[in-house]
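Student: I should like to take a close look at a single part of this structure, namely the surroundings of a bound ligand. Would you please describe that part in detail and then connect it to the rest?

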Amino acid sequence: MVVGDIATGTDVLVIGAGPGGYVAAIRAAQLDLDVTLVEKEAYGGTCLNHGCIPSKALVSATDVAHEAREAEHMGVHADPAIDMAGMTAWKDEVVDQLTTGVERLCKGNGVNLVEGTAEFADENTARVAHGGEGQGSESIEFEHAVVATGSRPVELPALPFDGERILSSRHALALESVPDSLLVVGAGYIGMELATVFAKAGSDVTVVEALDQALPMYEADVTRVVTQRAKSHGVDFHFEEAAADWEEREDGVTVVTEGEDGTVSEYDATKALVAVGREPVTDTVDLDAAGVETDADGFVPTDDRARTNVDHIFAVGDVAGEPMLAHEGMKAGEVAAEVIAGEPAALDQQAIPAAVFTDPEIGTVGLTEAEAEEAGFEPVVGEMPLRASGRALTHDDTDGFVRIVADEADGFVLGAQIVSPDASELIAEVGLAIEMGATLEDLVATVHTHPTLSEAVMEAAAAALGQAIHTLNR
Ligand code: FAD
Ligand code: NAD
């Protein structure tokens with residue numbers, strides 16, 4: 001211990017107060033454990049401060065403007081103006097409300113909150129350097145620890161972030177004015193969501209993507225709908241081009257890309273957003289001192305009980321690897337807390353949904369048809385196109401479909417791919433079906449409210465059985 005240290009002890013030390021960490025801390029406290037949660041920056045982590053919540057706030061706000069602008073054929077005439085500073089201020093209020101809520105929930109559940117950076121000293125002790133000069137430090141002895149230090153944007157060596165011209169998603173979500181033009185590098189989750197936001201806000205958006213389609217982790221017919229819609233908003237796509245260099249211009253940047261065949265292209269823009277993935281944050285915490293191992297990509301491997309190679313040290317959320325989604329981190333946080341409390345908890349990765357908040361949205365859960373075949377099933381597939389949905393027509397939004405994948409032999413629902421407005425909400429029904437071992441017949445037998453988009457889930461299940469009413473059975 002160094003001079004000035006305070007020494008304390010705790011049952012469970014949680015490092016990082018993002019979705020993985022704060023949920024682990026609250027759940028552990030609910031289970032009567034003494035819990036200390038250390039956060040170095042802001043309660044709620046990336047998700048609440050610089051990720052899920054601010055991005056979805058901007059998605060909603062720019063949707064309002066866009067829909068109002070495009071509604072003349074519905075008899076609505078409006079000419080909305082975007083005040084980006086006002087939008088950002090509203091978004092910050094939403095963030096504040098939620099981060100304050102997380103702090104309150106932690107305190108209300110009896111979690112000890114410590115502001116500072118925690119670093120392992122050995123496998124049962126961490127040192128916390130408190131934030132701010134002269135704030136001192138403390139040593140915390142722990143029985144169990146949960147590493148929930150999250151992730152940060154990958155920086156391309158050729159295009160380092162400067163916050164002015166070369167932006168990370170964090171910079172882009174804090175802009176006070178709409179850039180005249182925006183070059184987005186990477187058509188993944190962040191690239192596609194923010195390309196849509198800024199196109200709707202009035203920016204001239206160009207996207208360059210190294211692979212041959214947007215959102216390459218999804219099936220081609222899923223992403224085609226979203227890519228086409230983005231094009232209709234004015235987004236210009238260039239596939240099979242990797243960002244390789246950039247130059248400063250007086251009023252912005254020139255980004256240089258290289259195609260697989262060596263073709264070089266140049267794009268001018270006011271700003272460039274680089275969204276090429278996220279990497280784990282482990283350099284803040286000295287995992288070596290506790291003997292915690294990482295894999296070749298720097299993530300902390302864990303078992304289905306969220307345990308690292310060190311029995312009493314757990315890792316949850318982005319630092320533990322794919323899928324890097326807030327709800328996965330929250331579930332892993334709960335599991336870690338329950339395992340620490342001696343409960344028989346484990347992670348069931350099969351039914352973890354994912355959503356992309358593009359226009360329209362994408363929602364998926366479980367297996368695709370190809371994955372089901374690969375896993376040894378004989379899948380049966382049913383689809384309901386949105387153009388046959390009454391509610392989609394009244395939303396004036398009919399591009400997309402609901403697809404259900406099931407096991408032909410017994411009808412068990414295996415997965416779904418949904419492209420539609422509110423697909424992020426619709427996918428929950430299929431997640432529940434998979435968790436509960438529901439069959440296609442169960443989905444069809446469930447009465448769905450009319451007129452809703454959720455009827456399309458029922459209709460897709462009916463189509464898989466050859467019993468669709470609102471589309472022709474093949
Ligand atoms: P984080 O949220 O990254 O939290 C980690 C915390 O640990 C941070 O607060 C950090 O300050 C703290 N920390 C790090 N080291 C230390 C230390 N040594 N001591 C103390 N504290 C430390 N996911 C979704 O599911 N849905 C979405 O819509 C979505 N949208 C996103 C949009 C954007 C723009 C981005 C960037 C991400 C988005 N994500 C989304 C991903 C989501 O944000 C992450 O999956 C989630 O935040 C991971 O939670 P976590 O707890 O693992 O880590
Ligand atoms: P991503 O992995 O989703 O996409 C990165 C894209 O960049 C890929 O398509 C890749 O081919 C491309 N790429 C890589 N290098 C390139 C280069 N030099 N030039 C051009 N293209 C290049 O990564 P992201 O968009 O940064 O998001 C990071 C993570 O954050 C996601 O994987 C996800 O886990 C999480 N996230 C989730 C949501 C959500 O749940 N709705 C939203 C945002 C972020």
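Tutor: A nitrogen atom of ligand 2 lies 3.0 Å from a polar backbone atom of Ala 243. The model in which this contact appears is a predicted one. Ala 210 also takes part through its backbone, since one of its polar backbone atoms is 3.1 Å from a nitrogen atom of ligand 2. With Tyr 189 the ligand atom is an oxygen: a backbone N or O atom of Tyr 189 is found 3.1 Å from an oxygen atom of ligand 2. Taken on its own, ligand 2 has 850 Å² of accessible area, and the protein covers 83% of this area.

Which elements give two or more residues to the shell around ligand 2? They are α6, which spans residues 189–201, β9, which spans 204–209, and β11, which spans 241–249. The element that gives the most is α6, with four residues. The shell around ligand 2 holds 25 residues, and those that come nearest are Ile 190, Glu 209, Gly 277, Met 324 and Ala 355. By character, the residues of this shell divide into 17 nonpolar, four polar and four charged.

One may next follow the chain to the start of β11. Glu 240 is placed in the loop between β10, residues 236–239, and β11. Glu 240 has a positive phi of about 55°, although this residue is not a glycine. Most residues other than glycine have a negative phi, and most peptide bonds are trans.

The second half of that general remark also has its exceptions here. The peptide bond that leads from Asp 359 to Pro 360 is cis, with omega near -10°. Pro 360 belongs to the loop between β17, residues 354–356, and β18, residues 361–366. Another cis peptide bond runs from His 450 to Pro 451, again with omega near -10°. Pro 451 sits in the loop between α13, residues 440–445, and α14, residues 455–464.

Let us now return to α6 and consider its helical neighbour. Two packed helices are described by the angle between their axes and the distance between the axes. Helix α3, made of residues 52–69, packs with α6 at an angle of about 40°, and the two axes are 9 Å apart. Because of this angle, α3 counts as oblique to α6. The crossing of α3 and α6 is left-handed.

Helix α3 leads to the other ligand, for α3 is one of the elements that give two or more residues to the shell around ligand 1. Around ligand 1 there are 39 residues, of which Glu 39, Thr 46, Lys 56, Asp 318 and Ala 326 are the closest. Met 324, one of the residues that come nearest to ligand 2, also has a backbone N or O atom 3.2 Å from an oxygen atom of ligand 1. Gly 20 offers a backbone N or O atom that lies 2.9 Å from an oxygen atom of ligand 1. For Pro 19, a polar backbone atom is 3.3 Å from an oxygen atom of ligand 1. The protein covers 93% of the 990 Å² of accessible area that ligand 1 has on its own.

Besides α3, the elements that give two or more residues to the shell around ligand 1 are α1 (19–30), β2 (35–39), α2 (45–50), β3 (112–122) and α9 (326–340). The largest share of this shell comes from α2, which gives four residues. The shell around ligand 1 consists of 15 nonpolar, 18 polar and six charged residues, whereas the shell around ligand 2 has 17 nonpolar, four polar and four charged residues.

Two further helix pairs complete the picture. Helix α3 also packs with helix α4, residues 84–108, at an angle of about 135°, with the axes 9 Å apart. The angle is therefore one that makes α3 oblique to α4. The crossing of α3 and α4 is right-handed. The helices α1 and α9, which both contribute to the shell around ligand 1, pack at an angle of about 30° with their axes 7 Å apart. This is why α1 is described as roughly parallel to α9. The crossing of α1 and α9 is right-handed.

Key
Residues numbered from 1 in each chain as written. Chains lettered and ligands numbered in written order. Predicted model: local features only at pLDDT ≥ 70, side-chain atom pairs only at ≥ 80, totals over all residues. Heavy atoms only, no water. Near = heavy atom within 4 Å. Polar contact = N/O pair within 3.5 Å; in protein donor to acceptor, adjacent residues only side chain to side chain. Areas by Shrake-Rupley, 256 points an atom, 1.4 Å probe, with all protein chains shown as cover. Nonpolar A, V, L, I, M, F, W, Y, C, P; charged D, E, K, R; others polar. Axes fitted to C-alpha atoms, helices over the stretch in contact; angles between N-to-C directions. Parallel < 35°, antiparallel > 145°, perpendicular 65-115°, else oblique. Left-handed = near helix turned anticlockwise from the far one by under 90°.
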